[in-house]
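Please read this note with the model open beside it. The points can be checked one at a time.

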Amino acid sequence: MHPQKLGTRTAAGLAAALALATTTAQAQQPMDKMPGMAAAQPGTAQPASATGLVKAVDAAAGKVTLSHGPIKAFHWPPMTMTFQVRDKALFDRLVVGKTVDFDVVHEGGAYIVTAVH
Ligand SMILES: [Cu+2]
């Protein structure tokens with residue numbers, strides 16, 4: 001047995017394991033759910049305008065799924081995603097299959113449709 005060598009090897013192994021754990025933890029930082037959305041500015045209360053095709057509505061849950069074009073204010077590419085809808089009256093204009101212009105705000109970590117044109 002060579003206790004000193006063993007000790008050195010174990011310490012080196014531990015350091016490597018710690019380095020790996022740190023890297024893994026950094027890789028698991030919470031991100032926005034959709035690819036390409038990580039650059040969204042948190043707390044952007046200014047409404048952004050966009051155009052989207054209504055894919056699905058869930059009025060009871062207050063949600064709409066839109067296939068929207070790029071939203072520069074949020075640094076978003078075109079994508080399909082679900083938004084919260086602020087006012088249930090907006091569902092009158094959120095009809096599946098219809099293309100709408102809408103305003104969206106980023107508030108409290110959620111993306112909320114505030115107007116439909
Ligand atoms: Cu999106």
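The numbered points below go from the model as a whole to single residues.

1. Confidence. This is a predicted model, so the confidence scores come before anything else. The protein chain has an average pLDDT of 79, and 62% of its residues score at least 70. Residues 21–31 fall below 50, and apart from near neighbours in sequence this stretch makes one contact in the model. I would read the placement of residues 21–31 with that score in mind.

2. Overall content. The protein chain contains one helix and five strands. In sequence order the pattern is α-β-β-β-β-β. Of its 117 residues, 16% count as buried. For contacts between residues at least 6 apart in sequence, 50% link residues at least 24 apart.

3. The barrel. In what order do the five strands of the closed barrel run? The order is S1-S2-S3-S5-S4, and the pairing is mixed. On average, neighbouring strands of this sheet are turned by 55° against each other, with direction ignored. As background, strands of a sheet pair through backbone hydrogen bonds, and the pairing may be parallel or antiparallel.

4. Pairings in the barrel. S1 and S4 (residues 99–107) run antiparallel and are joined by six bridges. On this border Leu53 stands opposite Thr99 in S4. S4 and S5 also run antiparallel, with six bridges between them. S3 (residues 79–85) and S5 (residues 110–116), by contrast, run parallel and are joined by two bridges. Gln84 has Ile112 in S5 as its bridge partner.

5. The S4–S5 hairpin. Two residues lie between the strands of this hairpin, and Gly108 there has a positive phi near 55°. Glu107 stands opposite Ala110 in S5.

6. The core. The largest nonpolar core is made of 16 residues, and Val64, Phe83, Phe102, Val104 and Val113 have the most contacts inside it. Each of S1, S2 (63–68), S3, S4 and S5 supplies at least two residues of this core. Which strand gives the largest share? S4 does, with four residues. Val113 is a useful residue to inspect here: leaving out residues up to four places away in sequence, Val113 touches Val64, Phe83, Val85, Arg86, Leu90, Phe102 and Val104.

7. Lys55. This residue sits in strand S1 (residues 48–58). Is Lys55 buried or exposed? Neither word fits: 15 other C-beta atoms lie within 10 Å of Lys55, so the residue is partly exposed. The cut-offs are 20 or more for buried and 12 or fewer for exposed, and partly exposed is the range in between. Setting aside residues up to four places away in sequence, Lys55 touches Thr65, Leu66, Ser67, Thr80 and Val96. The C-alpha atom of Lys55 is separated by 8.4 Å from that of Val95, which is 40 residues away along the chain.

8. His75. The loop between S2 and S3 holds His75. Its phi is positive, about 60°, although His75 is not a glycine. His75 is partly exposed because 13 other C-beta atoms lie within 10 Å. The exposed class stops at 12.

Technical notes
Residues numbered from 1 in each chain as written. Predicted model: local features only at pLDDT ≥ 70, side-chain atom pairs only at ≥ 80, totals over all residues. Contact = placed C-beta atoms within 7 Å. Pairing = 2+ DSSP bridges. Axes fitted to C-alpha atoms, helices over the stretch in contact; angles between N-to-C directions. pLDDT = per-residue confidence, 0-100. Core = buried A, V, L, I, M, F, W, Y, C linked by C-beta atoms within 7 Å.
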